[in-house]
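Biologist: Please take one part of this model and go through it closely. After that, show me what lies around it and elsewhere in the chain.

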Amino acid sequence: MYLKVLDLSRVLAGPVCSMMLGDLGADVIKVERPGDGDETRGWGPPFNAEGESAYFLAINRNKKSLAADLSDPTDRALVLELVRGADVVLENFLSGSLTRLGLDPSELLEQNPSLIWCTISGFGPESRRPGYDFVIQAESGWMAITGETDRTPVKAGVALADLIAGKDATIAILAAVAERGAGSLESGRRRISISLADSARAALVNVAQNVLVSGKDARRWGNAHPNLVPYELFEAADRPFVIAVGSDAQWSSCMHALGLTDLAADESLSTNAGRVKDRDRVVRTLAERVGEMRAQDWIDRLQAVGVPCGLVRTVAEALKGTAADARTGIAPSVPGSIRLPPPKLDEHGDAIRKLGWRAFQ
């Protein structure tokens, strides 16, 4: 029997989580507000020929849509019935909002001993601050380390705080499901809380550890790396590309492939620590050299000796040859399948009202 997921979330982090669960085979009912539905239905242009926003289409496949007004007694009763039959409830309401609407998570968990409840918030379960990705990127330290060294901080080009939180929620839910299957899930662990702020801070990984170990705050490095040299963008004769040397052996191979034998023979640069110390000289010498030829010519040489490198591609270039569709988005990044296109608002409402979870049969 498939996992039954009742998705009361909206925008990005929650829908990413429920889409991943749907990709893996879960039956997902997406509950939306009547009239407008999920906010991202209106986040465009671009819209497709049927008036659906590209944003919504990107994160809502493998779900069935039910429009329900939680303040309406009839709709609320329907949603409560769906909760009783669900394995997982996923939501991102502000603290206390669902309880005031008559859906108290604590009571519902007590009524259903096998239910798993996951709340995604911006700043934690007790905060009533709305958690938009841009704000999280600012407050988590991400923007302080992103961008050129002499320019203003910038955000990532994708809402990564939302995406990471959504994936964290997926991992936590599947862990709880596995524990439940093993008969070891404690009642307190059935209530999962994921916050964008916590997920974003945890995703600082080595940057955060650099600060903790050194006692010095992190800064922006542009396209360079604080711990590795050379590990950045270079301008070839025709277009930019990246070289990512991660070991001393790769350094030697890289220098010989670029024809920089003097650097390869320099003992002071034979270790990464030495190259970090002499960063300016290394980067300046490489930049002068790679400007003499086309990027692809350098990439061919570097790849032939196992040095990580790559062109800076546009999104359109990156999508060429990728399993992707304008209706259902990029193929699942986890082993899974696309069974349902993103739903129209309340597309499955009649069936769900009549059959409940049996609408998937």
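Modeller: What follows starts at one helix, goes on to the nonpolar cores, and then turns to the aromatic rings, a pocket and a loop proline.

The model is predicted, so local features are given only at pLDDT of at least 70 and side-chain atom pairs only at pLDDT 80 or more, while totals for chains, interfaces and linings use all residues. Residues are numbered from 1 along each chain as its sequence is written, and side-chain values use heavy atoms, with hydrogens and water left out.

The part to look at is helix α1, residues 13–23. Helices (H or I, at least four residues) and strands (E, at least two) are DSSP runs, numbered from the N terminus. Of the 11 residues in α1, 11 are buried; buried means under 20% relative accessible area, exposed over 50%, and partly exposed in between, with a 1.4 Å probe and protein chains only. Among the buried residues of α1 are Ala13, Pro15, Val16, Cys17, Met19, Met20 and Leu21, and Ser18 and Asp23 are buried as well. After the helix comes Gly25, with a positive phi near 115 degrees.

α1 supplies at least two residues to the largest nonpolar core, as do β4 (88–91), β5 (116–121), α7 (160–181), β6 (191–195) and α8 (196–202). A nonpolar core is a set of buried Ala, Val, Leu, Ile, Met, Phe, Trp, Tyr and Cys residues joined through side-chain atoms within 4.5 Å. This core has 27 residues, and Cys118, Ile120 and Ile173 have the most contacts inside it. α7 gives the most, with 6 residues.

Ile120 leads back to the helix. Not counting residues up to four places away in sequence, Ile120 touches Ala13 and Gly14, along with Leu90, Glu91, Asn92, Ala169, Ile194 and Leu196; contact means heavy atoms within 4.5 Å. Another core lies apart from the largest one and has 26 residues, including Trp251, Ala257, Leu263 and Ile299.

Now the rings. Rings of Phe, Tyr and Trp (its six-membered ring) pair if their centres lie within 6.5 Å; planes under 30 degrees apart count as stacked, over 60 as edge-to-face and the rest as tilted. The count comes to 3 aromatic pairs. Trp43 and Tyr132 have ring centres 6.5 Å apart and planes at 50 degrees, so this pair is tilted. Trp43 is in the loop between β2 (27–32) and α2 (54–58), Tyr132 in the loop between β5 and α6 (133–139), and 89 residues separate them. Trp43 is partly exposed because its relative accessibility is 32%; Tyr132, at 45%, is partly exposed too. Trp357 and Phe360 make a stacked pair, 6.1 Å centre to centre with 20 degrees between the planes. Trp357 counts as buried because its relative accessibility is 12%. Ring pairs also link Trp43, Tyr55 and Tyr132 into a cluster.

As for the pocket, the second largest one is lined by 36 residues, of which Ile145, Val207, Trp221, Ala224 and Pro226 lie nearest its centre. α7 supplies at least two residues of this lining, while α9 gives the most, with 6 residues.

The proline is Pro341, in the loop between β11 (329–330) and α16 (349–355). Pro341 is partly exposed because its relative accessibility is 37%. Leaving aside neighbours within four places in sequence, Pro341 is in contact with Arg61, Asn62, Lys63, Arg327 and Thr328. From Pro341 to Trp142 is 34 Å, C-alpha to C-alpha, and 199 residues in sequence.

How values were computed: On a 1 Å grid over the protein atoms alone, a cavity is a set of points where a 1.4 Å probe fits but cannot get out, and a pocket is an open set with protein on both sides within 12 Å along at least five of seven lines; lining residues have an atom within 4 Å of a point.
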